[in-house]
Amino acid sequence: MRATSTAGPHLSTRAQWWVLTTRFIAPTLQNGELALTIASSVVFTAGFYIPLHQIMRTATLGVASSYAQYLMPLIGLEAITFAAISTAFRAATDSVQGLNRRFRSMPIAPLTPVTARITAAVYRCLVSLTVAVICGYVIGFRFHRSAVYIVAFCVLVIVIGALLSFGADLIGTATRNPEAMTPLLILPPLIFGLLSVGVQPVEQFPHWIQPIVRNQPISQFVDTMRALAGDSTPFGGPVTWSVVAPTLAWLCGLAAILAPASAMVLSRRA
Amino acid sequence: MRVGRDPGTGIGNGFVKAGVMTLVYEEATDFGVERRCHENSVRALVPQTLVQTQRILLRWARDLTTIIEVLVLPVFFLLTLNIVLGQMISQVTGHSALYGTVPMNTLAAAINGSTIGAIGLIGERDDGLLRRLWVLPVHRASGVLSRIAAETVRIMITTVVVLAVGMMIGFRFQQGILASLAWLTVPVIFGLACATLITMIALYTAKNFLLEAVTLVHLLVILFSSGFLPVNQFPTWIQPVVAHQPMTYAVDAMRGLSLGGPVRWPLIATLLWAAGVTAVCIVPTLLGYRRAGTH
């Protein structure tokens with residue numbers, strides 16, 4: 001039997017999640033965040049395509065119909081990484097300002113604030129992916145397969161974004177240093193992005209680094225995205241199990257690391 | 001006036017301990033007569049600037065993320081660029097790509113680092129440290145001067161680290177000792193101008209916006225410079241932009257000072273850019289700094 005005197009407005013976990021999510025999403029229209037998310041996709045498209053498309057065109061002649069087709073998956077990945085990274089900033093801010101401690105003293109499930117931040121990150125990822133695809137179409141990228149593959153392409157990117165933002169969230173919560181997050185997390189994705197098959201085919205790299213380039217996660221993601229996007233007839237291999245399996249393995253591996261890490265970080269007393 | 005003298009630590013010009021700031025300035029040869037410098041005298045300026053410089057540098061040195069950002073990431077980025085584009089650029093230009101990428105990484109690290117300085121400044125404003133300093137008998141100019149000094153030291157350290165790694169993989173000075181020394185000062189001049197600009201933006205905008213906007217602009221400045229690719233490898237329509245942006249001039253000047261080639265015009269253009277940026281930003285920055293300390 002429940003005591004009715006303490007009732008008050010009792011919010012379900014779903015309602016709490018929604019309240020916390022809108023807390024992150026609502027201000028984005030005013031504080032320039034949405035504009036920055038859109039700008040980031042444009043910047044990555046311009047920053048990679050304009051300088052590189054002439055010098056890289058000859059290197060990719062045999063593997064793609066155009067350099068835009070070749071490059072777009074990496075642009076998409078870089079853009080959603082940037083969107084996911086801002087989660088770390090928010091998480092660290094919440095952690096420093098004591099908001100997390102406050103949440104812990106309230107009747108909220110421990111995962112709800114994290115889930116809300118990730119939902120907000122997924123929203124930013126959706127925005128940046130949309131803009132990245134539009135930018136891709138401007139420079140000459142095209143989807144060549146059916147709608148199912150396009151959906152799969154988008155779902156894959158969003159899942160990667162969600163996992164990255166979960167990881168970024170944990171780093172932000174653990175380090176409690178909001179200032180350090182964005183510049184620290186921007187160069188590593190750039191380094192991994194340049195050292196992947198996203199910019200040029202693996203044969204163009206020095207021999208000693210080719211195994212790393214071929215097998216690192218960004219290369220695998222890019223390969224899968226390229227297969228899902230397809231290409232005009234002579235190019236673009238089929239979506240086979242051997243293309244998709246490493247990507248799924250990386251994602252599962254990432255999730256397998258993040259789950260215990262989140263348990264550790266979130267249960268720590270702030 | 002003497003403030004908050006800490007009995008255990010003896011006489012000093014000033015010291016910082018565990019977050020509590022105690023600034024004392026007094027004459028060492030003080031026989032009974034209370035004779036101290038006026039708070040705005042030049043004799044107070046130098047030691048107080050040194051103390052505050054030391055304080056800022058100590059804060060950076062103890063922050064792991066700052067260390068990674070200032071010392072580790074520029075090196076990794078240099079190595080990455082060398083692996084990804086090095087061979088291709090060497091084929092096109094006929095000389096090692098390092099003469100472009102090493103300068104570019106020192107300059108990029110200088111910009112990246114000034115974000116740390118600006119964010120730290122905002123933190124100290126929000127914590128009330130600047131207000132605290134304002135009511136203490138501290139020389140008014142020492143706060144700003146110590147920040148400039150700390151930035152200079154930081155840029156020098158980053159530059160030397162990136163340079164050392166560059167020399168390990170094949171970068172060489174070929175223009176004598178004087179040109180080499182001039183090479184080292186370009187990132188400092190460039191970095192200080194950028195720091196003025198970034199500090200100004202930091203003082204007048206929200207934190208998060210600043211960080212992400214600066215990151216994006218920084219990225220564009222790197223990717224559209226002659227340190228990333230030779231200017232003639234860019235599409236024709238964008239070449240004028242690439243050729244005249246400040247980083248290209250600075251990279252070209254540094255390339256001339258190490259490898260050889262035209263130096264005078266790129267160097268003059270770099271100085272003009274730095275002077276222009278500083279001239280535009282210095283007054284709002286100083287006003288913003290004063291406001292941060294008094295409001």
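Q: Let's start with one residue of this predicted model: in which helix of chain B does B:Thr115 lie, and is B:Thr115 buried or exposed?
A: B:Thr115 lies in helix H3 of chain B. A residue needs 20 or more other C-beta atoms within 10 Å to be buried, and B:Thr115 has 25 such neighbours. The helix is therefore H3, and B:Thr115 counts as buried.

Q: How far apart in space are B:Thr115 and B:Ile201, C-alpha to C-alpha?
A: In sequence, 86 residues separate B:Thr115 from B:Ile201. In space, their C-alpha atoms are apart by 10.0 Å.

Q: Which helices of chain B each supply at least two residues of the side that touches chain A?
A: The two chains meet through 32 residues of chain B and 28 residues of chain A. On the chain B side, three helices each give at least two residues. They are H2 (64-93), H3 (98-127) and H7 (207-223).

Q: By class, how many residues on the side of chain B that touches chain A are nonpolar?
A: Among the 32 residues of chain B in contact with chain A, eight are polar and two are charged. The nonpolar class has 22.

Q: Which helix of chain A gives the most to the largest nonpolar core?
A: The largest nonpolar core holds 136 residues. Those with the most contacts inside it include A:Leu71 and A:Ile80 from chain A, along with B:Leu107, B:Phe190, B:Ala202 and B:Ala250 from chain B. From chain A, the most is given by one helix, with 18 residues: H3 (residues 67-96).

Q: Which residues is B:Ala250 in contact with, leaving aside its neighbours within four places in sequence?
A: B:Ala250 is one of the residues with the most contacts inside the largest nonpolar core, as are B:Leu107 and B:Phe190. Both of these are also in contact with B:Ala250 itself. The list for B:Ala250 is B:Pro103, B:Leu107, B:Val186, B:Phe190 and B:Thr270.

Q: How many helices and strands are there in chain A, and how many in chain B?
A: Chain A is built of helices from the N terminus on, with zero strands. Chain B begins with its two strands and then continues with helices. The counts are 10 helices and zero strands in chain A, and 10 helices and two strands in chain B.

Q: What is the radius of gyration of chain A, and why does it agree with a compact globule?
A: The C-alpha trace of chain A spans about 75 × 40 × 35 Å along its principal axes. For 270 residues, a compact globule would have a radius of gyration near 18 Å, so the value for chain A agrees. That value is 20 Å.

Q: What share of the residues is buried in chain A, and what share in chain B?
A: Chain A has 270 residues, of which 44% count as buried. Chain B has 295 residues, with a buried share of 42%. The shares are 44% for chain A and 42% for chain B.

Q: How many residues of H9(A) are buried?
A: Helix H9 of chain A covers residues 217-229 and reaches 18 Å from its first C-alpha to its last, close to the 18 Å expected. Its buried residues include A:Phe221, A:Asp223 and A:Arg226. Just after this helix, A:Gly230 takes a positive phi of about 75 degrees. The helix is mostly covered, with a buried count of 12 of 13.

Q: Which helices do the buried residues of H1(B) pack against?
A: The 20 residues of helix H1 (residues 42-61) of chain B should span 28 Å, and the end C-alpha atoms are 29 Å apart, which agrees. Among the buried residues of this helix are B:Val51, B:Ile56 and B:Trp60. The helices they pack against are H2, H3 and H5 of chain B.

Q: Which element of chain B has the lowest mean pLDDT, and which the highest?
A: The mean pLDDT of chain B is 84, and 87% of its residues reach 70 or more. Over residues 1-20 of chain B, though, pLDDT stays under 50. Where pLDDT is low, the predicted coordinates should not be read in detail. The lowest mean, 43, belongs to strand S1 (residues 15-17), and the highest, 93, to helix H5 (residues 142-168).

Q: What ipTM does the predictor give the complex?
A: Chain A has a mean pLDDT of 84, with 93% of its residues at 70 or more. For the complex, the predictor gives a pTM of 0.82 and an ipTM of 0.81.

Conventions: Residues are numbered from 1 along each chain as its sequence is written. Chains are lettered from A and ligands numbered from 1 in the order in which they are written. This is a predicted model: local features need pLDDT of at least 70, side-chain atom pairs count only at pLDDT 80 or more; totals for chains, interfaces and linings use all residues. Two residues are in contact if their C-beta atoms, placed from the backbone, lie within 7 Å. Helices (H or I, at least four residues) and strands (E, at least two) are DSSP runs, numbered from the N terminus. Ala, Val, Leu, Ile, Met, Phe, Trp, Tyr, Cys and Pro count as nonpolar, Asp, Glu, Lys and Arg as charged, and the others, Gly among them, as polar. A nonpolar core is a set of buried Ala, Val, Leu, Ile, Met, Phe, Trp, Tyr and Cys residues joined through C-beta atoms within 7 Å. The radius of gyration is taken over C-alpha atoms; the globule rule is 2.2 Å times the number of residues to the power 0.38. The expected span of a helix is 1.5 Å times one less than its number of residues. pLDDT is the predictor's confidence in each residue, from 0 to 100.
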